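Please open the model in a viewer and keep the selection tool at hand. The tour below proceeds stop by stop, stating what to select and what is found there.

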Amino acid sequence: MNNAYKIKNELYWVGAIDWALRDFHGYSTEKGSTYNAYILKDEKVVLFDTVKAPFESEMMERISSIVSPEKIDYIVINHVEMDHSGALPLVIDKIKPEKIICSAKGKEALLSHFKRNDWPYHVVKTGDVINVGKRNITFLETPMLHWPDSMFSYINGDNILISSDAFGQHFATSERFDTQVNLSDLMYQSAKYYANIILPYSNLVQKLLKTVSDMNIKIEMIAPDHGLIWTKHIPDILQAYSDWSLPKLKKKAVVFYDTMWKSTEKMAYSVTEGLMSKGIIVKMLKTGLENNRSDVITEMLDAGAVVVGSSTLNNEFLPTISDMLTYMKGLKPAGRIGAAINSYGWNPGVLKKLNTELEAAGIKLISDGINVKYVPEKSDLEKCFQLGVKIAQELNNK
Ligand code: FEO
């Protein structure tokens with residue numbers, strides 16, 4: 001029997017726990033995830049968001065443990081992505097709500113996903129308020145955090161911000177609150193979520209943090225649509241979002257590489273040693289089975305420098321490097337400096353391609369890079385070491 005969990009007063013968690021999830025469209029979710037949905041039992045009964053389609057019955061059981069589903073008056077759709085709306089058609093058929101509350105872009109996305117003109121849409125915009133009895137709910141559009149339709153719902157009186165994807169984590173737990181789990185695990189999963197989902201919209205995060213601050217509202221809980229609910233550690237996650245979105249970067253470098261016959265690996269080691277010789281924190285990460293793309297980008301979140309290394313394979317870089325660079329171009333970790341290293345057999349052109357890809361991902365090149373024919377000599381490795389030193393000096397001078 002799946003039960004609802006009381007969050008505060010008449011607000012309950014009625015989501016689903018996806019313990020087995022290990023891949024979220026290319027993002028490795030080693031801790032699983034949750035799809036959070038909430039029920040507010042005021043004079044009107046309000047359901048905030050739903051869950052991924054296969055978890056519909058789990059959510060309905062949790063709802064049924066506190067209220068008959070047909071008593072739900074309003075469904076608020078803060079975000080239309082299918083991990084929150086997949087169950088919606090079944091849920092709406094069962095509940096037959098009086099209103100489906102969403103942003104204008106939300107209505108557009110719902111129509112596109114589900115082709116249901118007959119649903120009772122009620123479009124809201126930033127600052128709109130609905131009364132549900134003893135409480136008012138205020139809406140705040142947050143376009144591109146994570147999709148154009150995204151919005152927050154603020155429950156006045158209880159001072160709870162339901163924040164959709166923002167401030168979330170892919171973290172399956174039996175606990176529901178930030179105080180009940182290890183804080184460093186929670187912050188790591190929050191950082192990973194930011195790096196893999198929110199990072200390209202960092203300028204919007206800066207604006208959002210200012211908007212929320214200007215609203216001058218009391219926030220006692222931030223309840224995201226994935227993972228743990230923030231209570232005591234609200235200042236920690238707000239500070240982290242501010243740092244990650246600025247970005248506030250450390251004297252840290254990520255050296256990611258793949259290698260065919262160890263030439264590139266030797267070069268990557270030498271760059272790493274050069275960085276370390278000047279006190280830089282380094283994460284040297286072989287791409288592919290050893291390090292998933294989503295873990296590599298997470299390490300970049302607070303790193304001031306990025307180095308890519310690849311062997312040449314059939315006049316291209318290695319497939320895992322292609323994968324990583326494509327991922328990086330989408331997430332755009334701008335504001336970092338970087339360089340490329342390459343080993344080749346007969347076509348030296350891949351170094352230039354690596355440079356182009358790094359720049360397309362927003363990385364500022366501080367060197368033309370280094371390429372080596374076949375196997376590096378001692379003098380080549382010395383050049384790689386000096387490249388590490390040069391990057392370190394740039395970081396230390398910032
Ligand atoms: Fe959790 Fe953008 O969906």
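Helices (H or I, at least four residues) and strands (E, at least two) are DSSP runs, numbered from the N terminus. The model on display is predicted.

**First stop: Tyr374.** Select Tyr374, which is found in the loop between strand 23 (370-373) and helix 12 (378-397). Its phi is positive, about 55°, although Tyr374 is not a glycine. With a relative accessible area of 48%, Tyr374 is partly exposed, because that class lies between the cut-offs of 20% and 50%.

**Second stop: helix 12.** Continue along the chain and select residues 378-397, which form helix 12. Helix 12 has 20 residues and reaches 29 Å from its first C-alpha to its last, close to the 28 Å expected at 1.5 Å a residue. Which residues of helix 12 are buried? They are Asp380, Cys384, Leu387, Gly388, Val389, Ile391, Ala392 and Leu395. An α-helix has 3.6 residues a turn, so residues three or four places apart point the same way. To see what surrounds the buried residues of helix 12, display strand 17, helix 8 (263-277), strand 19, strand 21 (337-344) and strand 23, against which they pack.

**Third stop: helix 9.** Now select residues 293-300. Six of the eight residues of helix 9 are buried, so this helix is largely enclosed by the rest of the structure. The buried residues are Ser294, Val296, Ile297, Thr298, Glu299 and Met300. Their packing partners are strand 5 (27-28), helix 5 (183-198), strand 17 (250-258), strand 18 (281-286), strand 19 (303-313) and helix 10 (319-331).

**Fourth stop: Pro247.** Select Leu246 and Pro247 together, since the peptide bond from the former to the latter is cis, with omega near -5°. Pro247 is placed in the loop between helix 7 (234-245) and strand 17.

**Fifth stop: Lys207.** Select Lys207 in helix 6 (residues 202-215). Is Lys207 buried or exposed? Lys207 is exposed, with a relative accessible area of 55%. Next, add Ser245 to the selection: the C-alpha atoms of Lys207 and Ser245 are separated by 9.9 Å, while the two residues are 38 residues apart along the chain.

**Last stop: Asn9.** Finally, select Asn9, located in the loop between strand 1 (5-8) and strand 2 (11-13). Asn9 is not a glycine, yet its phi is positive, about 45°. Asn9 is partly exposed, with a relative accessible area of 40%.

How values were computed: Residues are numbered from 1 along each chain as its sequence is written. This is a predicted model: local features need pLDDT of at least 70, side-chain atom pairs count only at pLDDT 80 or more; totals for chains, interfaces and linings use all residues. Side-chain values use heavy atoms; hydrogens and water are left out. Buried means under 20% relative accessible area, exposed over 50%, partly exposed in between (1.4 Å probe, protein chains only). Contact means heavy atoms within 4.5 Å. The expected span of a helix is 1.5 Å times one less than its number of residues.
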